[in-house]
Amino acid sequence: MPRTALRICPLCEATCGLTLTIEGAAVTGARGDRDDVFSKGFICPKGAAFGQLDADPDRLRTPLVRRDGRLREATWEEAYDAIAAAVPPLVREYGAQSVGVVLGNPNVHTMAGALYPPLLLKALGTRNLFTASTLDQMPKHVSSGLLFGDPFAIPVPDLDRTDFLLLLGANPIESNGSLCTAPDFPGKLKALRARGGTLVVVDPRRTRTAALADRHLAPRPGSDALLLAALAHTLLTEKLAAPGALEEWTEGLGELEAALGSFTPEAVAPACDLPADEIRTLARELAAAPTAAVYGRIGSCTVEYGTPASWLVDVLNILTGNLDRPGGALFPLPAAGPRPRPAGPGKGFVIGRWHSRVSGHPEVKSELPTAALAEEIETPGEGRIRALIAIAANPVLSAPDGDRLDRALAGLDFMVSVDPYLNETSRHAHVILPPPPPSQSAHHDFAFNGFAVRNQVRYTRAAVPLEAGRLDECEIHARLVLAVSGMHGSAGPEAVDELAVQGALAKETADPGSPLHGQDPARLAGLLTGESGPERRLDLMLRLGPYGDRFGAAAEGQLSLERLLAHPHGIDLGPLRPRLPGVLRTRSGRIELLPDPIAAELPRLRAALADRPAALVLVGRRHLRSNNSWLHNVPALTGGSNRCTLQIHPQDAGRLGLTDGGRARITAEGGSLEVPVEVTDAVRTGVVSLPHGWGHDRAGTRLAVAASVPGANVNQLLNGTRLDRLSGTAVLNGFPVELTPLP
């Protein structure tokens, strides 16, 4: 008999609640959970295809271990034996920096990806960490760190209450939102307009989001920081800035006008290719709106001045008095996050505590640029990366110059991949550890609740029992920690979780500001509930979090795992509320509006006003049925409009002799590709668009659906030298290209 089970969708940042139909051990249907406190029944094509992803016949079901140059099926014990025999000796001989760790985008979509990589890095002692953040959102972490002292203090637009929403480089109708967790983002935008609000979209393409907007501005790609600076300049010079209560907690307001003095609407208009009057009008409307929020995403991050653009987004929110205000941009308060601390000076945020070995790239948030991974493997000398652990990562497709990285990976002494697929990156591994399908894993969104537009908490246990012969994803990670730390065979995976619990409780009970100060950590650990180590850790985080019961020591808090399990559709914790000054961790204890690294970058941005724009530049694009490279093997999510085509405006196509349905060679500093052409006026003149995540044409993979329509790897057009200087983020948008028609 069919049955139903609840599962939070792990396929994008919207985190919608699903109701799965299950027959035996197979997921035969998925619909939106109407009783989910957050998503209220919303579902997108990715969630509807949950069953196909779950049952993908190309998913690995047993570990693979390389023997005699070939990957062969092996037992779990053989796989961990191989890791334990390779990694600790290598570290002893060459040092901790001889091991690198790469974390891919899917890590933030799993409990294991949130709980165990910090323990893995601690066990290894390496500083060679590379993540998808430097291919996506790192500029926002840097700007938030510099402004607020905490790189995770990222304000999100209050979509349900704002009167005016300005979106830059964001296409949430296709992406479902990013660094802004909001189920049914399309419905929220429509509701904004229905209540008389205004939606303005800045994007070089007429996306589905832009088509919904009251106004669509299509500037030259990469000019976002200039446009935002001109908006801020207008607010300041026309005396429209009104920070209100924020002024008490902000320093640098007096210096900002002089710092932005060169960025008049007239000065930036040629570089942006927008009329100065249109820029000035937008600034005035932003200031006049009863409430407003400015929100920028990947299109404004993965450009040369991504960090200044991200900074200016919040400068505008501050100047208009809309930061930390209902209807503006607010800081979420996630249930499993740290509890609020008293206001006051903090440690602050700095860049460059160490640098990469080869090119000297500064560390940012304990990470190095993923674009530098290949050179760190290839270049001889002390500290060369000889072993790599890649967790849910496919940088051969997601990072610049995948061909170079492909060659570098082949030269590693040892590589481990935690991945369900034999893909373009994991094919180089010596050991592949495949996690089970998502239906067989529990789920709580540690990362995305920190960016949610409403405070809530949800947890779903595995919808389907773990298949015989598989390991739970959390156990896979815990055993990996043991194997690299030399404890393989001497301790069980539960020891990893218990050590994490003991460490957290020891810190909590030693904190004079905690209501648990001076209590016995062992006694508190004995009060934790849960069927597994990960559940005990979740229980601990909920109890110590802002809504937690503090093991009975909190007067107001009631939250624990036990209480959450009693609410299978989640617990609504209410709308976002003002949190300043409590979120501030700067050394001054205030918002530092003009931090030194940003001020030092403004002369470079000013010099960009005189740059001669390239005749043709490239941008990526999103699709509702795609998420980077890891959903291209699901038949229901491929085909139709989800195609790897080069979009070009009819005027540019005519000038270059290109025809719709024809082919072209596209060339940039990193190489060239042959791509099918799609002529459309949805992209502005001077711009072409090719989606990210394709290029499934390499030998040695096991991705039948993806390989049948491989597409072209857009990042192969880059050589990895173009980076946002402050964050190390690869410039994946707005770089110059040349086109040649092909027969």
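Here are some questions and answers about this predicted model.

Me: Let's start with H443: buried or exposed?
Reply: H443 sits in the loop between β17 (431-433) and β18 (454-457). Buried means under 20% relative accessible area. H443 comes in at 1%, so the verdict is buried.

Me: Which residue has its backbone oxygen 3.5 Å from a polar atom of the H443 side chain?
Reply: Setting aside residues up to four places away in sequence, H443 touches R7, I8, P10, H109, T110, M111, R458, Y459 and T460. One of these puts its backbone oxygen 3.5 Å from a polar atom of the H443 side chain, and that residue is H109.

Me: Now the sheet with seven strands: which strands stand at the edges?
Reply: The sheet is open, with mixed pairing, and its order is β5-β4-β17-β16-β15-β6-β7. An edge strand has a single partner, so one side of it is left without a neighbour in the sheet; here those strands are β5 (70-73) and β7 (129-131).

Me: And how many degrees does the twist average from one strand to the next there?
Reply: We're still on the open sheet that runs β5-β4-β17-β16-β15-β6-β7. From one strand to the next, its twist averages 20°.

Me: Inside that sheet, which residue of β16 stands opposite A387?
Reply: β15 covers residues 387-391 and β16 covers 414-418. The two pair in the parallel sense over five bridges. Opposite A387, in β16, stands F414.

Me: At about what angle does α5 run to β6?
Reply: Helix α5 takes in residues 117-124 and lies across β6 (99-103), β7 and β15. Its angle to β6 is about 170°.

Me: What about V65, buried or exposed?
Reply: V65 belongs to strand β4 (residues 64-67). Apart from neighbours within four places in sequence, its contacts include L71, A79, H430 and V431. Its relative accessibility is 8%, so V65 counts as buried.

Me: What separates the C-alpha atoms of V65 and A82?
Reply: A82 is among the residues in contact with V65. Along the chain the two are 17 residues apart, while their C-alpha atoms are separated by 7.8 Å.

Me: On to the other open sheet, the one with four strands: which are its edge strands?
Reply: The order there is β11-β10-β9-β13, with parallel pairing. Neighbouring strands are turned by 15° against each other on average, direction ignored. The strands that pair on one side only are β11 (215-217) and β13 (293-296).

Me: Which residue in β13 is the bridge partner of L168?
Reply: Strand β9 (residues 164-168) runs parallel to β13, and four bridges join them. For L168, the bridge partner in β13 is G296.

Me: Which helix lies across β9, β10, β11 and β13?
Reply: The helix we want covers residues 276-288 and runs at about 135° to β11. Its name is α13.

Me: How far apart are the axes of α15 and α24?
Reply: Two packed helices are described by the angle between their axes and the distance between the axes. For α15 (residues 306-319) and α24 (residues 596-607) the angle is about 115°. The crossing is left-handed. As for the distance, the axes are 10 Å apart.

Me: Among the residues of that contact, how many are nonpolar?
Reply: On the α15 side you have T307, P308 and W311, and they meet I598, E601 and L602 in α24. One of the residues is polar and one is charged, and the nonpolar ones number four.

Me: How many residues lie between β23 and β24 in their hairpin?
Reply: Strand β23 (residues 663-668) pairs with β24 in the antiparallel sense over six bridges. T667 stands opposite S672 in β24. Between the two strands of the hairpin, the number of residues is two.

Me: K40 has a positive phi; is it buried or exposed?
Reply: Phi of K40 is near 50°, and the residue is not a glycine. K40 lies in the loop between β3 (26-32) and α1 (45-48). Exposed means over 50% relative accessible area. K40 has 60%, so it is exposed.

Me: Last one: which residue does a cis peptide bond join to L580?
Reply: Omega of this bond is about 5°. The partner is found in the loop between β19 (571-575) and β20 (591-592). That partner is P581.

Note on methods
Residues are numbered from 1 along each chain as its sequence is written. This is a predicted model: local features need pLDDT of at least 70, side-chain atom pairs count only at pLDDT 80 or more; totals for chains, interfaces and linings use all residues. Side-chain values use heavy atoms; hydrogens and water are left out. Buried means under 20% relative accessible area, exposed over 50%, partly exposed in between (1.4 Å probe, protein chains only). A polar contact is a pair of N or O atoms within 3.5 Å; within protein, one must be able to donate a hydrogen and the other to accept it, and residues adjacent in sequence count only if both atoms are side-chain atoms. Contact means heavy atoms within 4.5 Å. Axes are lines fitted to C-alpha atoms, for helices over the stretch in contact, and angles run from 0 to 180 degrees between N-to-C directions. A crossing is left-handed if the near helix is turned anticlockwise from the far one by less than a right angle, and right-handed if clockwise. Ala, Val, Leu, Ile, Met, Phe, Trp, Tyr, Cys and Pro count as nonpolar, Asp, Glu, Lys and Arg as charged, and the others, Gly among them, as polar. Two strands pair if DSSP finds at least two bridges between them.
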